[in-house]
Structure formats: C-alpha cells, structure tokens
Amino acid sequence: MLKQITGITRVRMLYLQLQFACNFRCKHCFHGRLLESPVRYTPADAIAMVEHFRLEYALEAVTLLGGEPLLYPDVVAVAEHCKRAGLAVEICTNGHHGFFGMIRALVSIPWNRGEFCQAAWAT
Ligand code: SF4
C-alpha cells in the first residue's frame, strides 16, 4: 500500500513503537498523555510488521520504541527475531536500573557495536 500511494520502495529503518508506556514522565517527552494509553502491539503483530517491511521494503534496521521499550514484556523476543532476520537493532531506553533483569536477558543476544542505545533521561 505504501508503495502504491507514495512510490516509496525502500525503507532502511523502521521505528517500531511497541506500546505507549513509560516509568518516567519527563517534561520534554513528546508522547504526553499518550503514555496513559493501553494500546500496544502483540508480539506477533510487531514481528509481522518487521517482516512486512523486511520482505517488501528491503528493511535494514529497526529501532524499538515504547515510550520505554523495556517495559514491553516481549521486547526480548521481538529483538531476537529482528537480529535473527539479519537486521540492525536499536533499543531506545531510559536505562533505568529497574530494567536490569530485562537488560540481562537482552545481552544474551549477539549485538553489534552501538546498537543498544540509551537515548532518554528523566528530568
Ligand atoms: S523516558 Fe523517554 S519515553 Fe519516558 S517519559 Fe522520558 S522522554 Fe518520554
């Protein structure tokens, strides 16, 4: 559909908003009240989205967003799928120490240098 409407045939990076939830409420956050939304992708839908862009648009990379993506219960499964599919993966997390267990699970995935990023800080 994207191809037909816009003529776009390649998408290098997919910014995949898994959910709207965060453990912080930063004043600069552009999500605002969306962080109160219960809307989230199922893992199957998130993976299907990745596969659609990988197969139809030669996707090379995925950035997992969430608000805070480490609050997404299946972030490890989604990241693992993306890595196994040969994609570069970034996770845009606030890196709160409460996510230590999730981060431990994620580091078992073979990451490339610079992929796992900490991009937001609470204010
Ligand atoms: S950590 Fe990021 S997603 Fe969470 S409130 Fe702050 S800016 Fe928003």
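Okay, let's start with Gln 17, which sits in strand S1. This is a predicted model, by the way, so everything I quote is computed from that. Gln 17 has 18 C-beta neighbours inside 10 Å, and so counts as partly exposed; the cut-off for buried is 20 or more. If you go looking for Arg 104, that one is 87 residues away along the chain, and the two C-alpha atoms are separated by 22 Å.

Strand S1 covers residues 13–21, and it comes back when we get to helix H2, so let me go there. H2 runs over residues 43–57, which is 15 residues. From its first C-alpha to its last it reaches 21 Å, close to the 21 Å you'd expect at 1.5 Å a residue.

Now, which residues of H2 are buried? Those are Ala 46, Val 50 and Phe 53. They're on the same side of H2, because the arc they cover around the axis is only 70°. If you want the background, an α-helix has 3.6 residues a turn, so residues three or four places apart point the same way. Flip to the other side of H2 and you get the exposed ones: Ala 44, Asp 45, Ala 48 and Leu 55.

And what covers the buried residues of H2? The cover includes S1, strand S2, which is 61–67, and helix H3, which is 75–84.

Let's stay with H3 for a bit. H2 and H3 pack at an angle of about 25°, and their axes are 10 Å apart. That angle makes H2 roughly parallel to H3, since anything under 35 degrees counts as roughly parallel. As for handedness, H2 passes H3 in a right-handed crossing. On screen, you can pick out the residues that meet: Pro 43, Ala 46, Ile 47 and Val 50 from H2, with Ala 77, Val 78, His 81 and Cys 82 from H3. Ala 46 and Val 50 were on the buried list for H2 a moment ago.

H3 has its own buried set, namely Val 75, Val 78, Ala 79 and Cys 82. They cover an arc of only 95° around the axis, so again we have them on the same side of the helix, H3 this time. Their packing partners are S1, H2, S2, strand S3 at 88–93, and H4.

What about the backbone just past these two helices? After H2 comes Ala 58, with a positive phi of about 55°, even though Ala 58 is not a glycine. You'll find Ala 58 in the loop between H2 and S2. Is Ala 58 buried or exposed? Exposed, because Ala 58 has 11 C-beta neighbours inside 10 Å, and the cut-off for exposed is 12 or fewer. H3, for its part, is followed by Gly 86, where phi is positive too, near 85°.

Last stop is H4, residues 100–106, where we find Met 102. Met 102 has 18 other C-beta atoms within 10 Å, so that's a partly exposed residue. Which residues does Met 102 touch, leaving out anything up to four places away in sequence? Leu 70 and Val 75, and Val 75 is one of the buried residues of H3. Then there's Tyr 72: its C-alpha and that of Met 102 are separated by 9.8 Å, with the two residues 30 apart along the chain.

That's my tour, happy to rotate the view for anyone.

Definitions and conventions
Residues are numbered from 1 along each chain as its sequence is written. This is a predicted model: local features need pLDDT of at least 70, side-chain atom pairs count only at pLDDT 80 or more; totals for chains, interfaces and linings use all residues. Helices (H or I, at least four residues) and strands (E, at least two) are DSSP runs, numbered from the N terminus. The expected span of a helix is 1.5 Å times one less than its number of residues. The arc is that of the directions from the helix axis to the C-beta atoms. Two residues are in contact if their C-beta atoms, placed from the backbone, lie within 7 Å. Axes are lines fitted to C-alpha atoms, for helices over the stretch in contact, and angles run from 0 to 180 degrees between N-to-C directions. Angles under 35 degrees count as roughly parallel, over 145 as roughly antiparallel, 65 to 115 as roughly perpendicular and the rest as oblique. A crossing is left-handed if the near helix is turned anticlockwise from the far one by less than a right angle, and right-handed if clockwise.
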